[in-house]
Amino acid sequence: MLNLKNLKNLKLRFLPFLVAGTMSFSLASCVSQENDKVELDSANDKVVETLYEEEKEEENEYQKFIDYNNSIEPDYNHNEFYPTIEDVKKQDNFFHNDNECTYEFDGNVDGLVFDIIDKSKSFMKNNETIKYSDGTTDTLQTFDYDLEIKYNYIKEYLIRYLNKITKSDYRLSDEEKKAINEDICRIKDIVILFARPKDCLACFDTDLNAIIINEELIENDYGVSYYWKELEPIINHEINHARQYSCEHRKFKVIGSINKEEHIPFLMESSAESYLKNKVYNDSILYSDYDYNYYFERMDEAFILLLGLCHEGGDIDNYYDSIFESDLDKFYKFCGAETEKEKLQVNNILYSIDSRYARSDLGREEFAGKSYSNADLEVGIAYRVEIFKYVLNNMIKYTTTNDFSLEDNVLLFNIVKNYVVSDIYNSDIYESDPNCSKIEELEKNYRDFICEYYNLTLDELNDFEEKEARTKYDSTIQSDLYELQKISLEINKKNLLSTHAQIFMDKFPLLYPILDSRFLYMDSYNEYSEKVNTDNKELVLTK
């Protein structure tokens, strides 16, 4: 199938021959060098101008689909709590009004860890109580021989982990070295203590600059025999929290939703844990069956990762770098947010998810004491509309500027739309949330775009999607979705995927952590659409 983009690529490949032909003709005709140059420049300019005009014409041709998407505005419940454009500007100023970290790590991980352990043991020996950032106090464990042994194990854990995150390599870029320096600047003064922080296995306290381990709770949850295996990732999770905060040379800043009061964003917990799963223990046999924490937060983190699809900068390393470097610009680049409106959209998504976990002003003031399902109902699905619109706009831009086959396009579209409506279990949402129909509008608009771009009728697209999507890999959309679903179930990994599914995943590697953190249910959208349309019919009949 030939489209304008392929035609333009064809012209670009023939451009050198056109130029060479012009030169040969000019030389054979014995025209002066000056005339040769004028003719060559003129021919070249005309080709470039034609290609540019065609490219702009094609962009304008499909811009109408993006404009239509942008005309669909989600209706947020409790909108008065949500951030504004002015809040986004203030946040930008706050993150840029700081000093650079001047600390330089000498690369001696062993010396760094020995110092942390010595300071930790000294603190435990010379103090009986601690006072947390929230004003509450706690009693430290008595330092004894057992703790001495445990600190020896922790020393090994820290050396192993810090060697991993410092990436001791002379080929590191200046930016990577800067990020490592700030990580170590924050970590070097940490102490690791044993107490009983309330209702958590361990915590990182910013005022104390300490990791506090609840040994009793870890043993109760996992059993004494698994204590040592569980302790290592628990400590590493808390080390990641320390990395998320800016070092002493900068103000404390974390990536999360905009609030008047201080709250711990869900991204802090999800990224601290998912980093271990995706970047540290991803190839570890020892932790292949580890029961990672913050399951629901990591599921919702998949929505943020979806924003990184189909644009430059949407890479998992860029995502974690932005979190651990407290780099707001890098986070927006990962999401593809350039304008203030796009940044506001990202913040609305973050704010909605934080509110569901009571990690925002709205969540604390309105949802305190309410069940999770009630909070979920009150937040609604406006942020899902925002996510869908955002990703589809990126996909339209990607389609018109890249070699994107119809099969891959439809496959990615199916993954995205099934995720966007996944886990909407509360039936009251379908009856009370005006955003339900907006998701269907966006879905229909993208199908119209596919039809126009690939020169298909809607019936042809439906046939292709359901049963005719065959390539030289003998693959169908449904069979590919089934293959990719296996990643969600952890039945198969990359090396066991079918040929086409693996090639597809390699084009969009961000899908690996997405599929790994949120189950892909292939019929989510169809069931959602059926429910919405059923409720709409009942609503019409009762009028």
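A residue counts as buried when its relative accessible area is under 20%. Keep that cut-off at hand for this tour. The model on screen is predicted.

**Start with the whole chain**

Show everything as a cartoon. The chain holds 24 helices and five strands. Color by burial next. Of the 543 residues, 52% count as buried. Contacts come after that. Take those in the chain with a separation of 6 or more: residues 24 or more positions apart account for 74% of them.

**Select the three-stranded sheet**

Pick β3 (191-194) and β4 (202-205), then add β5, residues 210-213. Together the three strands form an open sheet, in the order β3-β5-β4, with mixed pairing. β3 and β4 are the edge strands, and each pairs on one side only. From one strand to the next, the twist averages 20 degrees.

Stay on β3 and β5. These two strands run parallel and are joined by four bridges. Walk along the pairs. V191 has A210 in β5 as its bridge partner. I192 stands opposite I211. At F194, the bridge partner in β5 is I213.

Now turn to β4 and β5. Four bridges join this pair too, but here the strands run antiparallel. Find D205, which stands opposite A210 in β5. Then select the hairpin of β4 and β5. Four residues lie between its strands. Among the residues to click is N209, which takes a positive phi near 50 degrees.

**Show the side chains of the sheet**

In a regular strand, side chains alternate between the two faces of the sheet. Check β5 against that. A210 and I212 point one way from β5, while I211 and I213 point the other way. Are these four β5 residues buried or exposed? All are buried. Repeat the check on β3. V191 and L193 point one way, and I192 and F194 the other. These β3 residues are all buried as well.

**Move to the cavities**

Rolling a probe the size of a water molecule over the atoms shows where empty space is left. How many cavities of 30 Å³ or more does a search of the whole structure find? The search finds two.

Go to the largest cavity first. About 60 Å³ of space lies in it. To see its walls, select S274, K277, N278, R298, E301, A302, L305, Y320, P513, D516 and S517. Three helices each supply at least two residues of this lining: α9 (266-280), α10 (295-306) and α23 (511-517). Which helix gives the largest share of the lining? That is α10, with four residues. Color the lining by class, and the count for the largest cavity is four nonpolar, three polar and four charged residues.

Next comes the second largest cavity, with about 40 Å³ of space. Select D376, G380, I381, Y383, R384, D423, I424 and I429, which line it. By class, the lining of the second largest cavity has four nonpolar, one polar and three charged residues.

**Two single residues to finish**

Click E182, in helix α6 (residues 174-187). Its relative accessible area is 10%. E182 is therefore buried, since the cut-off is under 20%. Show its surroundings next. Leaving out residues up to four places away in sequence, E182 touches C101, S246, C247, R250 and E325.

Last, click N108. Look for it in the loop between α3 (85-96) and α4 (109-126). N108 has a relative accessible area of 39%, so it is partly exposed. Partly exposed covers the range between under 20% and over 50%. Now add N163 and draw a C-alpha to C-alpha distance from N108. The two residues are 55 apart in sequence and 9.4 Å apart in space.

Technical notes
Residues numbered from 1 in each chain as written. Predicted model: local features only at pLDDT ≥ 70, side-chain atom pairs only at ≥ 80, totals over all residues. Heavy atoms only, no water. 1 Å grid on protein atoms, 1.4 Å probe; cavity = no way out; pocket = protein on both sides within 12 Å on 5 of 7 lines; lining within 4 Å. Points joined across faces, edges and corners; volume = space filled by probe spheres on them. Nonpolar A, V, L, I, M, F, W, Y, C, P; charged D, E, K, R; others polar. Pairing = 2+ DSSP bridges. Axes fitted to C-alpha atoms, helices over the stretch in contact; angles between N-to-C directions. Buried < 20%, exposed > 50% of the residue type's maximum accessible area, 1.4 Å probe, protein only. Contact = heavy atoms within 4.5 Å.
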